[in-house]
Number of protein chains: 2
Amino acid sequence: MQQDTLIIPRYLVPVRPRGTVLEGHGVLLRADRIEAIVPPSALAEVADQATVVNLPSHALLPGLVNTHTHSPMTLLRGFADDLPLLEWLNGHIWPAENRLVDEDFVAAGTRLAICEMLRGGTTCFNENYFFPDEIARVAVESNVRSVVGLPLLDQATSWANEFDEYLQKGLELVDLFEDSGLVEFSLAPHAPYSVSDAGLESIADVSAAREMKVHLHCLETAYDLEHSLETYGLPPLNRLSSRDLLNDRLIAVHMTQLDQDDVAMLADCGVHVVHCPHSNLKLASGFCPTAALLESGVNVAIGTDGAASNNKLDMFEETRCAALLAKGVTGDATAVDAVAALDMMTINGARALGMDEVIGSIERGKKADLCAIDLDQAQTTPLHNLFSQLIYAASASQVSDTWVDGNRVLDSGRLTTLDETAVKEEALAWRVRIGESASHDQAAAQ
Amino acid sequence: MQQDTLIIPRYLVPVRPRGTVLEGHGVLLRADRIEAIVPPSALAEVADQATVVNLPSHALLPGLVNTHTHSPMTLLRGFADDLPLLEWLNGHIWPAENRLVDEDFVAAGTRLAICEMLRGGTTCFNENYFFPDEIARVAVESNVRSVVGLPLLDQATSWANEFDEYLQKGLELVDLFEDSGLVEFSLAPHAPYSVSDAGLESIADVSAAREMKVHLHCLETAYDLEHSLETYGLPPLNRLSSRDLLNDRLIAVHMTQLDQDDVAMLADCGVHVVHCPHSNLKLASGFCPTAALLESGVNVAIGTDGAASNNKLDMFEETRCAALLAKGVTGDATAVDAVAALDMMTINGARALGMDEVIGSIERGKKADLCAIDLDQAQTTPLHNLFSQLIYAASASQVSDTWVDGNRVLDSGRLTTLDETAVKEEALAWRVRIGESASHDQAAAQ
């Protein structure tokens with residue numbers, strides 16, 4: 001029988017109860033679960049029966065939840081930057097994807113993304129890309145938790161030819177991975193403007209029947225609103241509502257084009273919003289009204305988006321940006337404080353994924369998904385307020401250890417489930433192929 | 001005689017010529033200067049006569065220029081966050097400073113700031129705080145380049161009692177440190193709203209006579225504009241202009257309240273603007289129109305501001321934020337591209353300080369101020385575009401080596417001119433004193 005692990009950090013930040021910091025406490029892991037929060041008085045006794053991990057200058061947090069990403073796109077990091085959204089998509093990203101994306105591309109990019117995410121304390125990611133089978137396989141192999149979106153489109157891609165085929169191929173995966181324990185699946189139509197009414201209805205039916213989440217880009221830019229009004233005569237949220245999709249199974253990503261009525265409607269329906277501040281800034285998409293959403297009771301989580309529009313998968317920098325941008329945009333320096341921001345990068349993500357009983361906080365009985373941040377660095381010295389330090393000063397590079405499902409996947413700075421050197425070499429080989437392919441395209445266009 | 005040093009990075013990014021990347025080249029350092037850029041064909045010969053530093057997975061950049069900071073305020077990092085500007089200043093920061101700031105506080109905080117800055121590739125900082133003598137002394141001891149502001153106020157502080165005394169004490173320092181080679185001084189009135197017309201006139205006279213830069217917070221919030229209109233009947237820029245201060249010796253920091261006419265006037269007068277995006281967001285101050293300023297030909301540099309309003313002194317994160325925020329605010333994803341952003345964190349800062357013939361780029365004859373970034377990490381893999389990678393993906397934690405004035409002050413991740421453990425311990429001791437003092441205040445207020 002595997003021995004229990006007792007982690008003794010300098011500071012334990014369980015996230016629930018909200019705003020709590022425990023000093024001198026331990027966390028006891030048994031197999032894949034958090035068995036107990038151990039008070040100082042019981043540490044010595046528990047330590048006798050466990051493998052002890054001392055983290056004397058660290059804060060221990062629940063693992064971070066990256067609630068929107070496209071992992072394989074790490075291979076396109078920096079491939080086409082400083083461009084307008086449509087030129088970026090139509091002129092660069094989509095042509096490259098059409099030429100290159102296959103099982104190997106997806107597997108290589110996912111591995112690279114997982115290296116970066118585990119290094120930065122992310123233990124669960126909400127994924128949306130082609131070849132969900134490969135993503136799920138690599139994620140399980142790498143021992144990281146994920147919710148993998150089943151892509152649902154009307155157009156043919158290398159993954160499937162038409163909507164029903166996408167759906168059928170996707171649902172087969174749900175059965176295939178049922179026993180993995182680490183991966184779940186969501187329905188992932190691309191966006192309201194790229195899915196027909198018939199498609200939306202199918203999705204609503206499957207989502208209700210199977211209690212599956214719907215992971216959807218929504219109101220990312222003003223175009224989404226204009227297209228919906230022109231094509232369907234009503235805004236996207238009303239269209240989703242008319243198709244029974246506006247409910248607490250919907251994870252709506254971006255949401256930069258919202259007015260006060262929209263915010264109230266989202267709160268009423270229990271829709272979850274994922275804020276991707278760096279991507280929205282980089283593509284000049286608009287500003288998600290996070291402060292107003294949170295005030296209205298909407299659950300708002302944080303996503304990095306893919307590395308082609310970010311360009312990293314760093315939940316610390318992303319959440320810091322979310323907290324700061326909320327203040328700048330509202331003109332209110334008290335908006336989205338550090339405690340609220342910490343919620344957004346942990347428990348709110350878990351809640352969006354329907355997993356807040358399982359992950360997102362350090363509580364007895366939850367899965368042992370954890371990350372430890374070493375605060376003994378100049379940039380996090382001195383320490384007046386731990387929440388401020390974690391949100392406004394700490395960096396992903398300070399994450400020393402990460403546990404997923406009880407396994408120490410980052411051990412004192414070393415990844416244990418991935419051969420990082422091989423992963424980087426594989427990415428470099430893909431860089432050459434991507435570069436050659438882009439040159440070929442440019443030559444053909446001349 | 002000290003031997004020359006030949007640095008051979010994977011990529012050399014000299015910043016000038018603009019947009020250049022050299023592969024397989026070396027940089028030869030002789031004493032405090034860049035002696036030559038060595039082409040691949042000459043490397044072997046030059047290497048025979050020099051100490052060779054191989055950086056096989058690194059980009060070598062000119063040292064970064066942090067063009068606005070308050071170094072000692074690192075001791076107040078996270079001391080009072082998520083508060084409105086006036087409550088933050090009047091209720092927390094200024095009372096703490098009034099009670100605590102002395103020579104020791106300033107020396108301890110400056111040392112901590114320098115640890116963080118050298119670790120992040122910053123080789124020159126433009127400083128504005130009390131006890132400029134201590135800051136200059138610590139900076140020279142630590143072998144970092146600085147321009148130290150001479151505080152000029154009408155009110156008494158622990159440094160001086162009245163404007164003329166501030167000025168006299170300050171100017172004595174200029175002579176005292178004349179031969180240091182590493183420190184220069186600027187005139188640093190706090191802000192237009194806190195300096196009288198007579199004070200501004202004195203500053204203009206001294207600035208002109210001695211060719212000294214004027215380092216000034218300006219139009220940080222809407223209050224600055226309102227106060228000037230109410231008190232002087234004209235906007236701050238017009239008031240500065242009427243006192244002969246609107247010229248290329250002015251380094252105007254923040255500048256969030258500018259209209260098109262202001263931008264044109266700044267361009268005409270050659271005023272330098274320092275953009276501090278994280279501080280402006282955190283205190284909900286407003287948005288500096290960096291894209292419009294750059295387009296009009298205004299020189300815009302980057303500053304981190306102090307750690308009480310940031311909360312770190314990380315020029316990579318600060319510049320990334322500047323590039324992204326410019327896109328978000330203008331709605332134009334092409335605004336402030338990666339090459340422009342790299343200029344802002346290097347040569348533009350040098351130019352604002354009047355030092356662009358000396359630092360800010362890697363060119364023969366310039367001071368040997370350099371930083372090396374190790375790109376062999378998941379988050380900067382693969383490499384499609386070096387400028388994108390440096391601005392949008394790289395982190396300060398990837399800086400492995402920093403040279404100032406030819407000295408390797410960060411050597412493979414180890415600081416050579418500061419005892420970092422002692423510096424952190426000293427900061428922790430100050431944290432205790434600051435906490436006790438704040439508790440005392442709260443008790444007294446009840």
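## Asn143(A) and its surroundings

Contact here means heavy atoms within 4.5 Å. With that in hand, we can look around one residue of this predicted model. Leaving aside its neighbours within four places in sequence, Asn143(A) is in contact with Leu182(A), Val404(A), Asp405(A), Asn407(A), Val409(A) and Thr417(A). One of these partners deserves a second look: the side chain of Asn143(A) reaches the backbone oxygen of Val404(A) at 3.0 Å.

Where does Asn143(A) lie in chain A? You will find Asn143(A) in the loop between α4 (132–141) and β8 (145–152). The relative accessible area of Asn143(A) is 12%, and buried means under 20%, so Asn143(A) counts as buried. The phi of Asn143(A), which follows α4(A), is positive, near 60 degrees.

## The helix before it

Helix α4(A) has buried residues of its own: Pro132(A), Glu134(A), Ile135(A), Ala136(A), Val138(A) and Ala139(A). What covers them? The cover includes α3 (103–119), β7 (122–127), β8, α5 (163–176) and β9 (183–189), which belong to chain A.

## Where the two chains meet

Now for the pair of chains. The size of an interface is often given as the accessible area lost when the parts come together. For chain B and chain A, the area buried between them is about 4,700 Å², with 59% of it on carbon and sulfur atoms. Three residues, Asp82(B), Arg320(B) and His384(B), supply 14% of the area that chain B buries against chain A, more than any other three residues. Each chain brings 59 residues to the contact.

Let us turn to the polar side of this interface. How many salt bridges does the rule find across the interface of chain B and chain A? There are six. In one salt bridge, the side chain of Lys327(A) meets that of Asp82(B), at 2.9 Å from N to O. Residue pairs in polar contact across the interface number 33, counting pairs with both residues at pLDDT 80 or more. On the side of chain B that touches chain A, at least two residues come from each of α3 (103–119), α10 (277–282), α12 (315–330), α15 (386–393) and α16 (420–445) of chain B. Helix α12(B) gives the most to this side, with seven residues. By type, the residues on this side of chain B divide into 26 nonpolar, 18 polar and 15 charged.

## How the copies are related

A turn of 180 degrees, with a shift of 0.0 Å along the axis, lays chain B on chain A with an RMSD of 0.0 Å. The two copies are therefore related as by a two-fold rotation axis. In chain B, the C-alpha nearest that axis belongs to Ser397(B), 3.2 Å from it.

Which surface does each copy use to meet the other? The copies meet through the same surface, because 100% of the interface residues of chain B are also interface residues in chain A.

## Glu116(B), with partners in both chains

Glu116(B) sits in helix α3 of chain B. Buried or exposed? With a relative accessible area of 6%, Glu116(B) is buried. Beyond its neighbours within four places in sequence, Glu116(B) is in contact with Ala378(A) and Gln379(A), and also with Thr74(B), Arg77(B), Lys312(B), Leu313(B) and Asp314(B).

## Backbone spots to look at

Most residues other than glycine have a negative phi, and most peptide bonds are trans. That makes a few places in this model worth a visit. Asp244(A), which is not a glycine, has a positive phi of about 60 degrees. Asp244(A) lies in the loop between α8 (236–242) and β11 (250–254) of chain A, and is exposed, with a relative accessible area of 58%. Leu219(B) also has a positive phi, near 50 degrees. This leucine, Leu219(B), is in the loop between β10 (214–218) and α7 (222–232) of chain B, and is buried at a relative accessible area of 2%.

Two cis peptide bonds can be visited as well. Arg16(A) and Pro17(A) are joined by one, with omega about 0 degrees; Pro17(A) is in the loop between β1 (4–12) and β2 (22–23) of chain A. Another cis peptide bond joins Asn310(B) and Asn311(B), with omega about 10 degrees. Asn311(B) has its place in the loop between β13 (300–302) and α12 of chain B.

Technical notes:
Residues numbered from 1 in each chain as written. Chains lettered and ligands numbered in written order. Predicted model: local features only at pLDDT ≥ 70, side-chain atom pairs only at ≥ 80, totals over all residues. Heavy atoms only, no water. Helix = DSSP H or I, 4+ residues; strand = E, 2+ residues; numbered from the N terminus. Buried < 20%, exposed > 50% of the residue type's maximum accessible area, 1.4 Å probe, protein only. Polar contact = N/O pair within 3.5 Å; in protein donor to acceptor, adjacent residues only side chain to side chain. Buried area = accessible area lost by both parts, 1.4 Å probe. Salt bridge = Lys/Arg side-chain N within 4 Å of Asp/Glu carboxyl O. Nonpolar A, V, L, I, M, F, W, Y, C, P; charged D, E, K, R; others polar. Least-squares fit on C-alpha atoms with pLDDT ≥ 70 in both.
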